[in-house]
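Here is a short report for a newcomer. It takes one helix, one cavity and two single residues in turn.

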Amino acid sequence: MNCKWLGVAPSTGRALRIVVPYMAAAGLWIGLSDAIALWLAADAGVYARLQAWKGTGFVLATGLLLHVLMREQFVRIERSHAKARNLATRLRRMLESLDDLIFVFDDRLRFADAYYPDHSAQLMPPEHFMGRTADEMGMPAEIGRALERVRDECSTQPIDYALDMKGGRFWYSAKLSPMTDENGKFVGVIAVVRDITGLKSSEQRFRRLFEDLNNVAVQGYDADRRVVFWNTASEALYGYSREEALGRRFEELIIPPAFRDEAIRMHDDWVVKDKPIPSGELELLHRDGELIPVFCCHTMLRNERGEAEMYCVDVDLRELRETQAQLRRAATHDPLTGLPNRMLARDRFDQAMALAVREQTLLALLFVDLDHFKIINDTLGHGVGDRFLQEIGRRLPSCLRESDTISRQGGDEFLVVLPGLRDRGAVAAIAQKIIETVQEPCDIDGRALTCSCSIGIALQPDDGGDFDSLLLRADTAMYQAKASGRNTFRFFTAQMNADAHERLVMLSHLRQAVQRGELELHYQPQVELATGRVVGAEALLRWQCAELGSVPPARFIPLAEESGLIIPIGEWVLREACRQARAWYDQGLELAVMAVNVSALQFHRGDPVEMVGRILRETGLPAECLELELTESLLVQDGSGTTLNTLRRLKALGLRIAIDDFGTGYSSLAYLRRFPIDKLKIDRAFVRDLASDPEDAAIVNLIVDLGRILKLKTVAEGVEDHGQLAFLCERGCNDGQGYLFARPMPAAAFAAWLGSGPLLPGQPGQDCPPHAA
Ligand SMILES: Nc1nc2c(ncn2[C@@H]2O[C@@H]3COP(=O)(O)O[C@H]4[C@@H](O)[C@H](n5cnc6c(=O)[nH]c(N)nc65)O[C@@H]4COP(=O)(O)O[C@H]3[C@H]2O)c(=O)[nH]1
């Protein structure tokens, strides 16, 4: 039955659809049943009974109908209640499963309902605040104010707030929205609240991190370029404290004047046109005006009001730049002296070369090598050697012009590039200045060390047109300077090339000389001047090379020393001299001592004491018959005491020590007193001009006197004539050695000479009065 036309509510219509048919059926029943009862009833008694049954039947039928209808209605109501309950439960579960908290306030802004997850343990159960306002619950006043704004303005309000509860301070972000009924009347507020404690703490942690970052300067600028963030590293990097920087524009602080307009334009472009500023290296201004290299990254963020804020992250590049400079320096400079290394010297040479060719000037390459630097290193240790080299490296530039280059090649070698010179004379003057500068004493730990140098010079264009060939030639010339007695310089000549080649050839032959039996010892007698008695012999090495013929010791000994060959050769000499002395001893030839030359290298490499002891044992020569001749330079620089120790151990074997070529080196009373020396050999250079050179005569006098005072024997070398002999006898020199007595002779000749009795010219023993001490 459609009841729309009646204008009644649907529920009334639905009730009418049941009641109207019922009324019709019931009216029809009442009318018809009475007529039927009258028709059927034969008497009043029957009629009365029929009426009673009819009434009972009616009550039963309508009761049954009512029951059916009510039951159906109750079932429906129950179902709809169950559905509603089910829905409410699902809705609650749904709301409670959200991470957000939901609170419902009634129209008087009192808590009316609450949904929040089980794990919000910090919140009190809803029944505690139901019916109470936020203010009554002791919540922050801004919540109450926000709720009132929602009610009054009927608008949604966001709010962030903090609550101190059990477990600490919790942060929430809420969205408060109005609720209205179907007529738009305000009925309450629904609040969707999010726990942002984790977010806030990570935000705070990150903020703290950025504030405290040590090496990364972070600054934030608002859209007006004013500082809103300035961390500790920014304070350190740019010199402004946070308080000083906040609120000031970046161009007032760190942007250099020349870059200000561009920086402002780039910033505005980003804010307005969303055109980012690329990352890159910049130089920004420190408060004190220093330009600081930084690597700068930029990012644009929005604050809580949605306004643009540019953040800059600056990394200080000063240390990196410094390291790069150091690396560049390390690649081009010698770490010990700080001088340019060979690579840089080559580079400078190439530049100078181009200029020299263009301007047709002379370009010189000087190869400077310290003389006997090895001795300093070996005797005083590498620490002292290094400091000596540093001192030389510090001095050398003082001899040169700005445009010149001095570099350390390594070891004790230096290279000098001299551009723009007029002639050889100018080069020679500089070389001489270098020699003089190097040989000035150098004070290391209170010890005055001296060292000379030898310099080889090659010139462009005469000697070559590139670095390598000039270097080779300067090296060759340097070698010649060494061969000429050291402490001098030499210009490269074509002859030197031939000499260098010859040296190479000689060296290759010398390597095989011992095995090929090409070495031989000659012996030169040493004579006691007072008696004419032969008191000893000096063993002198001779080399009869199959290819080169007889090579004088002055040529091959330096080569053997440079190449290290002197070690095996020296051992051979010592063994052979001892063997020969023992043989003569066994033959009854009177020979008090066999003198053997020992080079400095033999002394510093290996164990000379062991070697000498072993050879004495092998040959059976009594130790007192052996005399080792050492050069002065070996003793002079014995800072570590190694030489002294070795000499003492050698002396302990029972042998004697003589100082060869005395007076030519760094004669010093100090070492004469310190070392266990037996003899001084006066260099033949002083003996040669005794008659003509009063200075030489004075030196010889001095050495003889020194020997007497220190109780050392003196031996004069190179005695060639009677005048020299007379002088030496008169001065009281003990022994002599020289052509006047005999030249060095092979062993057989020496034995024959010795056996033939005193052959001394003029019988010096008779001419010379015995020395009166
Ligand atoms: N003008 C002149 N010279 C005289 C006279 N008397 C001797 N001589 C020479 O003077 C040198 C003396 O040897 P030296 O000073 O030790 O000087 C030696 C020594 O330093 C070195 N030498 C020689 N043999 C050896 C050796 O076996 N080992 C080492 N390490 N060096 C040696 O070679 C240098 C030269 O040796 P030599 O040519 O044999 O030259 C010898 C000898 O022949 C003289 O009256 N007048």
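## Helix H13

Asp423 caps the N-terminal end of H13. One of the side-chain oxygens of Asp423 lies 3.2 Å from the backbone nitrogen of Gly425. The model is predicted.

Helix H13 covers residues 424-438, which makes 15 residues. At 1.5 Å a residue, H13 should span 21 Å. The end C-alpha atoms of H13 are 21 Å apart, so the expected span and the model agree.

Which residues of H13 are buried? They are Ala426, Val427, Ala428, Ile430, Ala431, Ile434, Ile435, Thr437 and Val438. These buried residues pack against one helix and several strands. The helix is H12 (382-395). The strands are S11 (362-370), S13 (413-421), S16 (453-460) and S17 (489-491).

## The cavity

How many cavities of 30 Å³ or more does the count give? The count comes to 1. About 70 Å³ of space lies in the largest cavity.

The lining of the largest cavity consists of Gly570, Leu574, Val598, Gln602, Phe603, Pro608, Met611, Val612, Leu628 and Leu650. Three helices each supply at least two lining residues: H17 (566-587), H18 (600-604) and H19 (608-619). H19 gives the most, with 3 residues. By class, the lining holds 8 nonpolar and 2 polar residues. No charged residues take part in the lining.

## Arg225

Where is Arg225 found? Arg225 sits in the loop between strand S6 (216-222) and strand S7 (227-230). Is Arg225 buried or exposed? Its relative accessible area is 11%, and buried means under 20%, so Arg225 is buried.

Arg225 and Arg249 are 24 residues apart in sequence. In space, their C-alpha atoms are 5.1 Å apart. Arg249 is also one of the contacts of Arg225, leaving aside neighbours within four places in sequence. On that basis, the other contacts of Arg225 are Arg248, Phe250, Glu251, Ile264, His267 and Asp268.

## His522

His522 lies in strand S18, residues 519-528. The relative accessible area of His522 is 14%, under the 20% cut-off, so His522 is buried.

What does His522 touch, not counting residues up to four places away in sequence? The residues touched are Glu538, Ala539, Leu540, Arg542, Pro744, Met745 and Pro746.

How values were computed:
Residues are numbered from 1 along each chain as its sequence is written. This is a predicted model: local features need pLDDT of at least 70, side-chain atom pairs count only at pLDDT 80 or more; totals for chains, interfaces and linings use all residues. Side-chain values use heavy atoms; hydrogens and water are left out. On a 1 Å grid over the protein atoms alone, a cavity is a set of points where a 1.4 Å probe fits but cannot get out, and a pocket is an open set with protein on both sides within 12 Å along at least five of seven lines; lining residues have an atom within 4 Å of a point. Grid points are joined across faces, edges and corners, and a volume is the space filled by probe spheres set on the points. Helices (H or I, at least four residues) and strands (E, at least two) are DSSP runs, numbered from the N terminus. Ala, Val, Leu, Ile, Met, Phe, Trp, Tyr, Cys and Pro count as nonpolar, Asp, Glu, Lys and Arg as charged, and the others, Gly among them, as polar. The expected span of a helix is 1.5 Å times one less than its number of residues. Buried means under 20% relative accessible area, exposed over 50%, partly exposed in between (1.4 Å probe, protein chains only). Contact means heavy atoms within 4.5 Å. A polar contact is a pair of N or O atoms within 3.5 Å; within protein, one must be able to donate a hydrogen and the other to accept it, and residues adjacent in sequence count only if both atoms are side-chain atoms.
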